[in-house]
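Please open the model in your viewer and keep the selection tool at hand, since each stop of this tour begins with something to select.

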Amino acid sequence: MKQNDLFRTCIQNLLRRKSRTFLTVLGVVIGCCSIVVMASIGFGMREAQERLLSQMGDLTIITVTPQQGGRGKQPLDETAASRFRSMDGVRAVTPKQSLDGVSTLLKTGAGNRFQVDWATIAAYDTNQLEAMGYRLLEGRMPQKSGEILVGQYFAYAFRDTLRPEGTNTVNRWEGEPDEDGNYPNAPDPYFKPLSQNVTLTVENDNESFSSSYKVVGVLREDYSKGYETSEGVVMTLADLQNLQSKIQKSGNKKQSYGSVLVKTSQLGDVAPVEKEIKALGFPTDSMESIRKPMEDEARQKQMTLAGLGAISLVVAALGIANTMMTSISERTREIGIMKSLGCYIGDVRKLFLLEAAVIGLIGGIAGCGISFLTSAAINFFSLGPPAAENLLPAILGGEGVTRVSVIPPWLYGFAILFSVLIGVGSGLYPANKAVRIPALEAIR
């Protein structure tokens, strides 16, 4: 038989007994839906966990700290940072230094009118900040010594020295917050920080040092990166080391870093990179120690849910096998005529396997379609009161949207393929039984 004849005969046989075919396909649809929806809930749990962890910090950043002493102690310096940069899977590396243990005073404005007595001051390799995930609201990254970045709410920390005490600051928490926790109705600060000249005075042991800097950019607030993105100052490593050398009177002595931030190219690189850094003797800290157990737990629940769904598909497979066995009993004469007319045994087997595969294919496609609608409905109603603007987030997700059910595109393909394989597997025994029927006995 030609391929076209096989397909045409297959469709005719399925349409000849519409009710039986519909009920068999329905069994596959229910089984396919069970697997996809159950697995999607597991994926939704994983997405919710990763979103929760990402709010606590960047999942791909590893914080490396100095060794805790002992013989053969290696300093956490530029040599160590260079070794980290050469590791496979590392996207960016920046040292992080903080100005601690001293009193600070920041002044700006005409005649140094605006002042703040304390601020978080940190230094990074500013060429790596964008790669590390730091984002600018306005301005640019520092390109030379004397240029600094300030946090999003840096200007609100200052007081106006020409105003009376108690009325010399601006409250940035005035009004009602929006959904993102911002205060859109808060009054403007006394000055715009971009392009301002800021004088930093550092006091230590009755000595003070003053340095002038220019604000070239304003960072978007991100508490997971540090308080300096909110009301602090970010400067170049060279500028901070120059301050520290004056305070500690260490001259040009080589300084070690308080910590080094290592960002990997993707989430899967965190564990091997962290293991390689630990092998060098440096303590590390990352979200991997929290993420991994949560991911394993989510995977176990996902497998359990998918296994429960698979039971329905196994029941559907028994339905396909029963349908095909019944079909063979009813079509014994037809099988005998096909053999008498010279039809190959392989064609008879192909015909029955094709019918089983088509049942699985139709059931798989319909099941995926219903699973899509079910998943969208679950997410739509879980996002709050029904509203048209929740429809797209329920399907596609988005920033700040936590979906209960998440179906990756590959899961649809897997479900359809699995349904077809279940159909073919269920049709093997009936097909082999059909080809063993003698032609003369079948006609008689």
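The stops below take in a helix, a pocket and a single serine of this predicted model.

Begin by selecting residues 3-16, which form helix H1. At 1.5 Å a residue, the 14 residues of this helix should span 20 Å, and because its end C-alpha atoms are indeed 20 Å apart, the expected and the computed span agree. Within that selection, colour Leu6, Thr9, Cys10, Asn13 and Leu14, which are the buried residues of H1. If you then look down the axis of H1, these buried residues fall within an arc of 130 degrees, so they line one face of the helix. An α-helix has 3.6 residues a turn, so residues three or four places apart point the same way.

Next, move to the second largest pocket, whose volume is about 290 Å³. To centre the view there, select Gly57, Asp58, Ile61, Thr63 and Ser224, which are the closest to the pocket's centre among the 16 residues that line it. Adding strand E1 (61-64) and strand E12 (259-264) to the display is worthwhile, as each supplies at least two residues of the lining. Sorted by class, the lining of this pocket has 7 nonpolar, 5 polar and 4 charged residues.

Finally, select serine 82, which is found in helix H3 (residues 78-85). Is this serine buried, partly exposed or exposed? Its relative accessibility is 36%, and therefore serine 82 counts as partly exposed. A distance drawn from serine 82 to valine 93, C-alpha to C-alpha, comes to 8.4 Å, while the two are 11 residues apart in sequence.

Methods: Residues are numbered from 1 along each chain as its sequence is written. This is a predicted model: local features need pLDDT of at least 70, side-chain atom pairs count only at pLDDT 80 or more; totals for chains, interfaces and linings use all residues. Side-chain values use heavy atoms; hydrogens and water are left out. Helices (H or I, at least four residues) and strands (E, at least two) are DSSP runs, numbered from the N terminus. Buried means under 20% relative accessible area, exposed over 50%, partly exposed in between (1.4 Å probe, protein chains only). The expected span of a helix is 1.5 Å times one less than its number of residues. The arc is that of the directions from the helix axis to the C-beta atoms. On a 1 Å grid over the protein atoms alone, a cavity is a set of points where a 1.4 Å probe fits but cannot get out, and a pocket is an open set with protein on both sides within 12 Å along at least five of seven lines; lining residues have an atom within 4 Å of a point. Grid points are joined across faces, edges and corners, and a volume is the space filled by probe spheres set on the points. Ala, Val, Leu, Ile, Met, Phe, Trp, Tyr, Cys and Pro count as nonpolar, Asp, Glu, Lys and Arg as charged, and the others, Gly among them, as polar.
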